[in-house]
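Reader: I should like to learn how a structure of this kind is read, feature by feature. May we look at one together?

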Amino acid sequence: MTGTLNKVMLIGHTGDDVKMHYFEGGGAIGRFPLATNETYTNRTTNERVTNTEWHNIVVRNKAAEICEKYLKKGDKVFIEGRIKTRKWQDDQGNDRYTTEIQCTEFTFLTPKGESEGGGNTQQQNSPAQNQQNTPKNDNFANQSIAKEEEEDDLPF
């Protein structure tokens, strides 16, 4: 096989509400931390050990707005995407690197009404949040959201 693959699948709990950034051209980006846990038993001490790994999730455009609307801190979610490392400079001019998961698909796993987080007061009082018939799993959430993938010239 001559190709490469950059694919990530995570199931975890959100560490915070989605933070949105809007651009002049109408685009949007949403960011939130996702925690995954690994639990094992230490053979020497028979002690149960849990390690938590934090992932920076990035969602774009319509998918970001859906995540902002339905995901709250503590919700369980399935994320599928690719790893991307960004280079940036801090205030002192030092090069820094941030590794992110560019989300291409997601599925909400926390049942409606069982969200663990309180969320932002403004978001809780919005009409869309208070509707009882608002679906927790949006049909759009289970579809691919990366337009680049639709335009690929893959031979298969």
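Reader: Which backbone nitrogen does the side chain of Thr110 reach?

Author: The model is a predicted one. In a polar contact, a pair of N or O atoms lies within 3.5 Å. Here the side chain of Thr110 comes to 2.5 Å from the backbone nitrogen of Lys76.

Reader: Where does Thr110 lie, and is Thr110 buried or exposed?

Author: Thr110 is found in the loop between β6 and α2 (121-124). Residues with under 20% relative accessible area are called buried. Thr110 has 9% relative accessibility and therefore counts as buried. A further distance helps to place this residue: the C-alpha atoms of Thr110 and Phe78 are 10.0 Å apart, although 32 residues separate the two along the chain.

Reader: Which backbone nitrogen does the side chain of Asp75 reach?

Author: The side chain of Asp75 reaches the backbone nitrogen of Lys72, at 2.9 Å. Asp75 sits in the loop between α1 (61-70) and β5 (76-89). With a relative accessibility of 1%, Asp75 is buried.

Reader: How is the order of helices and strands to be read, and how many of each does the chain have?

Author: One counts the elements, then follows them along the sequence. The chain has six strands and four helices. Their order along the sequence is β-β-β-β-α-β-β-α-α-α.

Reader: How many salt bridges does the structure hold?

Author: A salt bridge pairs a side-chain nitrogen of Lys or Arg with a carboxyl oxygen of Asp or Glu, within 4 Å. The structure holds six of them. One of these joins the side chains of Arg31 and Glu100, at 2.5 Å from N to O. Arg31 belongs to strand β3 (residues 28-41) and Glu100 to strand β6 (residues 95-108), so this pair ties together parts that lie 69 residues apart in sequence.

Reader: With which other side chain does Glu100 meet in a salt bridge?

Author: Glu100 also meets the side chain of Arg86 in a salt bridge, at 3.1 Å from N to O. Since Glu100 lies in strand β6 and Arg86 in strand β5, the pair ties together parts 14 residues apart in sequence. As for accessibility, Glu100 is buried at 2%, while Arg31 is partly exposed at 27% and Arg86 is partly exposed at 32%.

Reader: What is the partner of Lys87, and how accessible are the two residues?

Author: Lys87 forms a salt bridge with Asp95, and their closest N and O atoms are 3.3 Å apart. Lys87 is exposed, at 53% relative accessible area, whereas Asp95 is partly exposed at 38%. Elsewhere, salt bridges with shared partners join Arg31, Arg86 and Glu100 into one network.

Reader: Why do Cys67 and Cys103 not form a bond?

Author: A disulfide is a covalent bond between the sulfur atoms of two cysteines. To be counted, the two sulfur atoms must lie within 2.5 Å. The sulfur of Cys67 has its closest cysteine sulfur in Cys103, 6.1 Å away, which is too far for a bond. The structure accordingly holds zero disulfides. Cys67 is buried, with a relative accessible area of 1%, and Cys103 is buried at 7%.

Reader: Which residues touch the most other members of the largest nonpolar core?

Author: A nonpolar core is made of buried nonpolar residues joined through side-chain atoms. The largest one in this structure has 21 residues, and those touching the most other members are Phe32, Ile57, Val59, Ile79, Phe106 and Phe108. At least two residues of this core come from each of β1 (8-14), β3, β4 (48-60), α1, β5 and β6. The greatest contribution is that of α1, with five residues.

Reader: Which residues does Phe32 touch?

Author: Leaving aside residues up to four places away in sequence, Phe32 touches several residues, including Thr14, Val18, His55, Ile57, Val59, Leu71 and Ile79.

Reader: What can be said of the chain as a whole?

Author: Of the 156 residues in the chain, 33% are buried. Among contacts between residues at least 6 apart in sequence, 62% join residues at least 24 apart. The chain exposes about 10900 Å², of which carbon and sulfur atoms supply 45%.

Methods. Residues are numbered from 1 along each chain as its sequence is written. This is a predicted model: local features need pLDDT of at least 70, side-chain atom pairs count only at pLDDT 80 or more; totals for chains, interfaces and linings use all residues. Side-chain values use heavy atoms; hydrogens and water are left out. Buried means under 20% relative accessible area, exposed over 50%, partly exposed in between (1.4 Å probe, protein chains only). A polar contact is a pair of N or O atoms within 3.5 Å; within protein, one must be able to donate a hydrogen and the other to accept it, and residues adjacent in sequence count only if both atoms are side-chain atoms. A nonpolar core is a set of buried Ala, Val, Leu, Ile, Met, Phe, Trp, Tyr and Cys residues joined through side-chain atoms within 4.5 Å. Contact means heavy atoms within 4.5 Å. Accessible areas come from the Shrake-Rupley method with a 1.4 Å probe; for residues, only the protein chains shown count as cover.
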